[in-house]
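Biologist: I am new to this structure. Please show it to me, and then I will ask about its sheet and its nonpolar cores.

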Amino acid sequence: MGTSVQVTPLCGVYNENPLSYLVSIDGFNFLIDCGWNDLFDPSLLQPLSRVASTVDAVLLSHPDTLHLGALPYAMKQFGLSAPVYSTEPVYRLGLLTMYDQYLSRKQVSEFDLFTLDDIDSAFQNVTRLTYSQNYHLSGKGEGIVIAPHVAGHLLGGTVWKITKDGEDVIYAVDFNRRKEKHLNGTVLESFVRPAVLITDAYNALNNQPPKQQRQRDKDFVDTISRTLEAGGNVLLPVDTAGRVLELLLVLEEHWSLKSLNFPIFFLTYVASSTIDYIKSFLEWMSDAIAKSFETSRENAFLLKHVTLLISKNELDKVPEGPKVVLASMASLEAGFSHDIFVHWAADVKNLVLFTERGQFGTLARMLQADPPPKAVKVTMSRRVPLVGEELIAYEEEQSRLKKEEALKASLIKEEESKASHAPDINASDPMVIDTNNKHTSLDALGQLGSGYRDILIDGFVPSSTSVAPMFPFYENTSDWDDFGEVINPDDYVIKDEDMDQAALHIGGDMDGKLDEGSASLILDTTPSKVISNELTVQVKSSLIYMDYEGRSDGRSVKSILAHVAPLKLVLVHGSAEATEHLKQHCLKHVCPHVYAPQIEETIDVTSDLCAYKVQLSEKLMSNVLFKKLGDYEIAWVDAEVGKTENDMLSLLPISTPAPPHKSVVVGDLKMADFKQFLASKGVKAEFAGGALRCGEYVTLRKVGVSSQKGGGSGTQQIIIEGPLCEDYYKIRDYLYSQFYLL
C-alpha cells in the first residue's frame, strides 16, 4: 500500500467556523491551521483539546485569526507543544494580528483567555520557511518533506505540500488565482495528480461577475469619492494585516492620480508596526511591486496619503470633515471599527463599506444579511481608572496577595534549601527547631508578636536550622577547573527570537509609535475596571458590500480542481449547501473519491497505489543521461530488478541489449504561454475559435480532456494543421522545443 493518510477535521466543516484539521501521515500528526473566530468561543476548541498532546507539528497557512487565532490558547491550556512552521510574513503579521486582538478586547473587557506573554510564547519557536523551500523533518517525521507555496489570498499565505515516499498531500484553502496589486496568483495549478488534495468549499456557490480588476477598483474608489464629496465619512472595517494591504494600495494610487485632499487613516493598535514590517516584505509580493522597486527604488508601502493611527484619541483630534478610516476589526465585534460604527451609523451621509463577508454570528454579518435602515443593539464598553473606595479595596487586596506570595516563596526556598543541603541535625540540640513540624514553628514565631511576624514575612526567611531570623544564604555550587569557574557560553547568547520580541515591545517600529501608544497600553498598570452600557443604534448610514476577499470564485475553483485532478479530494470549510454542491460537482468532473467529513470524523485517504523503495546501482547510474525538467532531472532507464547484499531491491543493468522504445514526450504546454513564446520569436499568433492561429497558414489546437473520471490520466493531443511550408516546419520546431524527448 502507499503512504498512510488520515484526515480528521477539528473545526470548520459544513460551516464557516475557524479552520483546524489533523492530518496523520504514516503516524506523524500534523495540525494544519489552529484558528479561532472574533467571538473567541472556547467551545469551538473542544475537539482540539482532545488531540493537542498527540500533535507532532503545526503548519500555519495564513496570518489571520481564522487560521492561527487559537494557537496561544492551545499552547497554554491544552499542552500543545509541537514545533510550528510558517512563512516569515505569516509569523510576523500573525503575531501583530494577535496583539491587536488582545489589546482590542483588553480595553473593553476583562479578557483572560490568553495574555501577551502567551502570544509571545506561542510564536517564539516558529520555524520560518520561504516559498518552495523543501524542509526535511527528522526524528519521528523522518522521510517527510514539507514545502510552502503561494496561495495568493494574504501576504505570506500558503498552500502546503507534504511529501512522503513520492506521494503528495496538498492543503490548499483560501487561494486566489487572480493577480492583484500586492500579490501574485496561486501556484496550485502547478500541482498535477497529487495523492490527496484538501481544499475548501467556502466560495463554491459564489460566482463573481466577469469584471476586470481595473473596473472593480474604479467602482470601489468612485463609491468612496461620492460619499466624501457629499460631506460624509467612510468607514472600512478591516483585518489587522491581511486584505487591508490591497485596499491601502488601491486608495493610495487613486489619491495620487486624482490629487485628492480627503484624509485617509489606518487605525489599529499595531498600524505603525504593521506597515514597517510590510515595507520589508517586498520579495513576498507581486512581480509588479518587486519590478517597480528594482527600477525606481520606491517602496509601494510608503503611503504618502495614508496616516497611521494607533488610538481613538488621535482620530478624535482630527479636524471635522469628510474622511476615510480603515479600522480593525472587520467583524465589528470589537476594536476601533466597533466604536466608530456606533458614532457614525446614525448619519445618513456616512458610508460603511464592507470588503469581506463578516464572520458568522457577528455584527458585521448581521448588517450584511439585513441592511439598514434598522435599529441594532450594541454594547459600548470602556476601561476607566479605579477611584475612592474601589481603589482602596483593590490596593488592600493586592497587598494581601503580595504577602501570601512572599510567604509561599519563602516556604518554597526553605524546602529547596533543605533538599540541597540536607544537614545532619541532632534532634537533642536545644538550639534546633523540629523541622518536621512546620505549624509549630510558625505558631511559635507568631507568639513573639505581630511585629516580628511582619518582619519575618516581608524581609527575612527563617532558616530550617536556626531559631533566629537571618538573611537567606545559598552556597555557590558552580563547577571549577584549573582556570577558574566553568562558564557555559549558551547562558550569554541572545536568541534571535528574544531580540525580535524586544524590538517589537520597546521601539519595534521606526516611528516610535509602539512606544507611545500600544506599548503604553501594554505597560499600563493603573488599577482600572470596565464599564458597559447597552445602546440602541439607529443605522441610517449607507451600507455596501464590495468583494475584496481575494479568494477564487466558484467557477475558478472548479476549473482549478479539474486541472489538478487529485486522486482523492477532501472538502472542508464552507456552508453545508456549498460543501454538498462542490462535492457533487467533483464526483462528476474531477475524481470518484470525494470526501466531506464531519467534526472529529477520521477518514482514511491512503493511496491505492503500491510503492516500493529500490536502490539504483552505481553500474546503472554511470550510463544514465539526465535531462533537466524544471526542478527535476529525468532520464529513460532500462534495467532489471535484483537484490543487494542487504536484501534490498535494486535496479541493475540488463544483461542483454535494451529493446527499442517509443519516444516519450514529457511536458505540459499551455497555449497562452506558447503564444507569448512565438511572439518573442517574431511570429504573430492569436486565438480564434478555440485554436491558436500562427502566422498566415498554421493552426494549433488541443484535443481530448486533461483528466478523466476514475483517476486515469486524460489523453490530450496537440494537432498542428497547415500546408507543408517553411512556416509549418519552423513552428513545429518551436513546438518540439517546448517538450523533452526521451
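**Sheet and cores**

Biologist: How many bridges join strand E13 to strand E15?
Modeller: This is a predicted model. Strand E13 covers residues 264-267 and strand E15 covers residues 324-328, and the two run parallel. In one of the pairs, Leu267 has Ala327 of E15 as its bridge partner. The number of bridges joining E13 to E15 is four.

Biologist: Which are the edge strands of the open sheet?
Modeller: The sheet has six strands with parallel pairing, in the order E14-E13-E15-E12-E16-E21. On average, its neighbouring strands are turned by 20° against each other, direction ignored. An edge strand pairs on one side only, and here these are E14 (306-309) and E21 (542-545).

Biologist: Which helix lies across E12, E15, E16 and E21?
Modeller: Helix H8 (residues 271-279) packs on the sheet too, but the strands it touches are E13 and E14. The helix across E12 (234-238), E15, E16 (351-354) and E21 spans residues 213-229 and runs at about 140° to E12. That helix is H6.

Biologist: Which residues have the most contacts inside the largest nonpolar core?
Modeller: This core has 109 residues, and its largest share, nine residues, comes from helix H4 (residues 88-106). Leaving aside neighbours within four places in sequence, Phe341 is in contact with residues including Leu235, Val352 and Val539. Those with the most contacts inside the core are Phe220, Leu326 and Phe341.

Biologist: How many residues does the other core have?
Modeller: This core lies apart from the largest one. Among its members are Val5, Ile25, Trp160 and Val570, and its residues number 30.

Key
Residues are numbered from 1 along each chain as its sequence is written. This is a predicted model: local features need pLDDT of at least 70, side-chain atom pairs count only at pLDDT 80 or more; totals for chains, interfaces and linings use all residues. Side-chain values use heavy atoms; hydrogens and water are left out. Two strands pair if DSSP finds at least two bridges between them. Axes are lines fitted to C-alpha atoms, for helices over the stretch in contact, and angles run from 0 to 180 degrees between N-to-C directions. Contact means heavy atoms within 4.5 Å. A nonpolar core is a set of buried Ala, Val, Leu, Ile, Met, Phe, Trp, Tyr and Cys residues joined through side-chain atoms within 4.5 Å. Buried means under 20% relative accessible area, exposed over 50%, partly exposed in between (1.4 Å probe, protein chains only).
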